[in-house]
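Colleague: I'm new to this structure and would love a close look at a single part of it. Could you pick one spot and then lead me outward from there, step by step?

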Amino acid sequence: MADAIEGARPSWVDDGLFPFESRFVDIDGHSVHYVDEGAGPTLLLLHGNPTWSFLWRDVILALRDDFRCVALDYPGFGLSTPRPGYRYLPEEHADVVTGFVDALGLNGATLVAQDWGGPIGLAAVRRRPDVFDRLVLANTWAWPVNGVLHFEAFSRIAGGLPIRFLVRRLNLLVNAFIPTGHRRRKPTAAEMTHYRRALNTPERRQASAVLPGRILASRDFFAEIEAGLADLAHLPTLIVWGDADIAFRPQERERLEAAFPEHETVIVKGAGTYVESDAPEEFVAAIRDWAAPRRGDASRAGGSAQHDAP
C-alpha cells in the first residue's frame, strides 16, 4: 500500500457536493488526489477532459455501499499537482495511473472509464492484466483516429494555437464542454464553479489545453493501445453510451463492441458525453444489473447483449 502524503483540500470544494475524504499519494513526484469510498469489488473510475473525480460523485454516492469506488485526478486536473516538467500527455497520464494502481495495491478491479479515461485506462489494464477483471467503457475510444475527418478537424482546431490560448486565458474547454456534454440536464452553477476552480489559472489550464492536439500527435500511443486490444478481448465489458454525444458517435460504440465480444451495451437515450453525470441513475443501474452475479454469468455464457436505458 502507498504512503499517504500531505495534501490540501481547497476551501472551495463543497462538502455537500463532494462529500468524500480527499486523499493524496505521491506517484513519481506528483501529488495525486483521489477518493476511496466504500467496500466490495473495486471500481477504478477514470475521468476525461476537462473534468476530475468530481465527475463521478453521484456514481460514487450510489455505489459505495456495494463497491469500493476509487477515483483519481490526473496531474494538473482536479486537486492533483504535477511535478515540474510534466507535459500532460496521455502517455504520461497512463504511466501515472499504472503507478497509482501499483501504489494502492489494487486487485480484482473493474476499469470504469469515459472520454480520455478510456485509452489511458486501457493502457494501464494492458500493463497490469492481473489487476483487472472487467471493463466499463462510456463514450470513449481506443485507437488512432488519423484520417477520420470528425476527429482530425476537432484535434487540429482545438489543438491549434488560437484555441489553446483561449483555453489558458478563458477556461474555454470547461465553459464549452461541460454544458454541451450534458444533454439530459443543465449543470448547476455550483457544479460549474467546481470545474472552473479546478483549472483556475492559465498555468493550471495547460493540462486541458494539451489533450485535444494529442488526439493526432499521440498516434504511437493509440496504435499501441489498439495493438493490445486483442489481449483484453476476453474481459467481460459493459458499454454505457449516451446517444446524444456530439463527440463519440455510433461508429465508435460499434468498434468497441467488435473489440470486446463479451460485451453488454446499454444505450442511454438523450445523454451526452458525460453520461455518468448527465444520467447517473441510468449509469448506476446499468452497472448494478451487469455486475450482479446472475447477470455476469449469463453474459459470459451467452455472449453480447444490447438494450436501451429510458
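Modeller: Happy to! Let's begin at Asp14, which is partly exposed, with a relative accessibility of 37%. Please keep in mind that this is a predicted model. Asp14 belongs to the segment before strand 1. Its C-alpha atom is 9.7 Å from that of Glu191, although the two positions lie 177 residues apart along the chain.

Glu191 is the part I would like you to look at closely. Which residue does Glu191 pair with in a salt bridge? The partner is Arg57, and the closest N and O atoms are 1.9 Å apart. This pair links distant parts of the chain, since Glu191 sits in helix 7 (residues 189-198) and Arg57 in helix 1, 134 residues apart. Are these two residues buried or exposed? Both Glu191 and Arg57 are buried. The pair also has company: Arg185 joins Arg57 and Glu191 in a network of salt bridges.

Helix 1, the home of Arg57, spans residues 57-63. Step back from there and you come to the loop between strand 3 (42-46) and helix 1, where Pro50 is placed. The peptide bond leading from Asn49 into Pro50 is cis, with omega near 5°.

How many salt bridges are there in the whole structure? A search finds 19. Besides the one we started from, two others are good to visit. One of them joins the side chains of Asp28 and Arg83, with N to O at 2.9 Å. Asp28 is in the loop between strand 1 (23-27) and strand 2 (30-37), while Arg83 is in the loop between strand 4 (68-72) and helix 2 (90-104), so this pair connects distant parts of the chain, 55 residues apart. Asp28 has a relative accessibility of 57%, and because exposed means over 50%, it counts as exposed. Arg83, at 29%, is partly exposed.

The other is formed by Arg126 and Asp231, whose closest N and O atoms are 3.3 Å apart. Arg126 lies in helix 3 (residues 117-127) and Asp231 in helix 9 (residues 219-232), so their contact ties together parts that are 105 residues apart in sequence. Arg126 is partly exposed at 35%, and Asp231 is partly exposed too, at 45%.

Now for two asparagines with an unusual label in the backbone angles. Asn139 has phi near 45°, a positive value in a residue other than glycine. You will find Asn139 in the loop between strand 6 (132-138) and helix 4, and it is buried, with a relative accessible area of 0%. Asn171 likewise has a positive phi, about 55°, without being a glycine. Asn171 is placed in the loop between helix 5 and helix 6. Why does Asn171 count as buried? Its relative accessible area is 4%, and buried means under 20%, so Asn171 falls in that class.

Helix 5 covers residues 161-170 and includes Leu166. Leu166 is partly exposed at 31%, and together with Phe165 and Leu170 it makes a nonpolar surface patch of about 290 Å².

Some of these helices lead us to the largest pocket, which has a volume of about 430 Å³. It is lined by 19 residues, and those closest to its centre are Asp115, Phe154, Phe177, Ala247 and Thr273. Helix 4 (149-158), helix 6 (172-180) and helix 8 (206-217) each give at least two residues to the lining. By kind, the lining has twelve nonpolar residues, five polar ones and two charged ones.

One last stop is Ile287, in helix 12 (residues 280-291). Ile287 is buried, with 2% relative accessibility. The C-alpha atom of Ile287 is separated by 8.8 Å from that of Val240, and the two residues are 47 residues apart along the chain.

To return to where we began: Glu191 and Arg57 are both buried, they share a network of salt bridges with Arg185, and the C-alpha atoms of Asp14 and Glu191 are separated by 9.7 Å.

Notes. Residues numbered from 1 in each chain as written. Predicted model: local features only at pLDDT ≥ 70, side-chain atom pairs only at ≥ 80, totals over all residues. Heavy atoms only, no water. 1 Å grid on protein atoms, 1.4 Å probe; cavity = no way out; pocket = protein on both sides within 12 Å on 5 of 7 lines; lining within 4 Å. Points joined across faces, edges and corners; volume = space filled by probe spheres on them. Helix = DSSP H or I, 4+ residues; strand = E, 2+ residues; numbered from the N terminus. Nonpolar A, V, L, I, M, F, W, Y, C, P; charged D, E, K, R; others polar. Patch = residues over 30% accessible without salt bridge, like charges linked within 9 Å, V, L, I, M, F, W, Y side chains within 5 Å. Areas by Shrake-Rupley, 256 points an atom, 1.4 Å probe, with all protein chains shown as cover. Salt bridge = Lys/Arg side-chain N within 4 Å of Asp/Glu carboxyl O. Buried < 20%, exposed > 50% of the residue type's maximum accessible area, 1.4 Å probe, protein only.
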